[in-house]
Amino acid sequence: MLWPRGALEQRSGSGGGEDYRFLLRQKNLDGSIHYGGSLQMWLRVTEERRRMTERGLLPQEEVRGDHADLCCLPELTERSLLDNLRSRFRQERIYTYVGSILIVINPFQFLPIYNPKYVKMYDNHALGDLEPHIYAVADVAYHAMLQRRRNQCIVISGESGSGKTQSTNFLIHHLTALSQKGFASGVEQIILGAGPVLEVRTPMQ
């Protein structure tokens with residue numbers, strides 16, 4: 001059992017915050033789960049607190065994190081921005097929008113969100129319709145190129161080790177999958193030809 005990092009500091013600093021409790025869970029012989037301690041009393045108190053909040057007798061709980069677009073934050077500060085990114089990262093949601101810009105936090109592990117299911121899911125959707133994803137950016141650029149008949153550019157920027165090359169590979173993967181649907185099959189070889197460009201390094205100043 002791990003106590004959330006910084007929970008004590010947040011409670012002592014703000015006088016409120018989330019209510020963390022430990023519960024003892026025991027598996028019975030018949031396979032059912034039994035919770036020790038005062039779980040039922042805790043649930044009753046939580047429900048009563050929710051009802052009092054709805055009636056205006058208690059202040060509304062602060063909404064923390066999990067805004068898919070940082071432009072939707074109720075209060076834009078460095079603290080709220082970082083808290084939102086931290087909350088999403090802990091849920092393995094490494095992508096977050098800032099309008100049409102996509103922020104990516106390198107998870108340093110492979111997440112199962114790059115398979116053909118996701119390629120099809122993000123096909124021909126407007127930015128923001130679905131959960132933020134690098135496939136969404138690639139898809140919007142691809143269809144904008146077809147509809148407007150103009151070249152499109154996706155800029156990838158970040159510190160060393162932030163995952164720029166890997167993000168570019170995911171972009172190429174999605175664009176290649178889209179190009180294989182029919183009339184744009186020649187795009188595949190053009191995109192794959194960008195591989196050597198990815199290895200170019202800017203000389204030190």
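UniProt positions are given here in the numbering used for this structure, feature names are shortened, and annotations may be inferred rather than shown by experiment. With that in mind, the UniProt annotation "binding site", which comes from an unreviewed entry, covers G158, E159, S160, G161, S162, G163, K164 and T165. The structure is a predicted model, in which local features need pLDDT of at least 70 and side-chain atom pairs count only at pLDDT 80 or more, while totals for chains, interfaces and linings use all residues. Residues are numbered from 1 along each chain as its sequence is written, and side-chain values use heavy atoms, with hydrogens and water left out.

The secondary structure of the protein comes to eight helices and four strands, where helices (H or I, at least four residues) and strands (E, at least two) are DSSP runs numbered from the N terminus. Read along the sequence, these elements follow the pattern α-β-β-α-α-β-β-α-α-α-α-α. Of the 205 residues of the protein, 24% count as buried; in this passage buried means under 20% relative accessible area, exposed means over 50%, and partly exposed lies in between (1.4 Å probe, protein chains only). When contact is taken as heavy atoms within 4.5 Å, residues 24 or more positions apart account for 37% of the contacts with a separation of 6 or more. Within the annotated segment, S162 is found in the loop between α5 and α6, and S162 counts as partly exposed because its relative accessibility is 27%.

Strand β3 (residues 95-98) and strand β4 (residues 101-104) pair in the antiparallel sense over four bridges, two strands being counted as paired if DSSP finds at least two bridges between them. Across this pairing, T96 stands opposite I103 in β4, and V98 stands opposite I101 in β4. The two strands form a hairpin with two residues between them, and G99 in the turn has a positive phi of about 70 degrees. In a regular strand the side chains alternate between the two faces of the sheet.

The hairpin residues also take part in the surroundings of D69, which is found in the loop between α2 (39-54) and α3 (78-90). Leaving aside neighbours within four places in sequence, D69 is in contact with Y97, V98 and G99. D69 is buried yet has no salt bridge, and the nearest side chain of opposite charge, R88, is 9.7 Å away; for this purpose Lys and Arg count as positive and Asp and Glu as negative, whereas His and the chain ends are not counted.

Side chains of opposite charge can pair when their charged atoms come close. The structure holds four salt bridges, each defined as a side-chain nitrogen of Lys or Arg within 4 Å of a carboxyl oxygen of Asp or Glu. R88, whose place is in helix α3, counts as buried because its relative accessibility is 1%. E131 forms a salt bridge with R88, the closest N and O atoms being 2.3 Å apart. Since E131 lies in the loop between α4 and α5 and R88 in helix α3, the pair ties together parts that are 43 residues apart in sequence. R93 likewise forms a salt bridge with E131, with the closest N and O atoms 4.0 Å apart, and this pair links the loop between α3 and β3 to the loop between α4 and α5, 38 residues apart. In helix α3, D83 forms a salt bridge with R86 at 2.7 Å between the closest N and O atoms, and R79, D83 and R86 are linked in a network of salt bridges.

A nonpolar core is a set of buried Ala, Val, Leu, Ile, Met, Phe, Trp, Tyr and Cys residues joined through side-chain atoms within 4.5 Å. Of the 20 residues in the largest such core, Y95, L102, I113, Y114, I134, Y135 and F170 touch the most other members. β3, α4 (116-121), α5 (134-148) and α6 (164-179) each supply at least two residues of this core, and its largest share, six residues, comes from α5. Y114 lies in the loop between β4 and α4 and is buried, with a relative accessible area of 11%. Not counting residues up to four places away in sequence, Y114 touches I94, Y95, H133, I134, Y135, F170 and H173. The C-alpha atoms of Y114 and H174, 60 residues apart along the chain, are separated by 8.8 Å.
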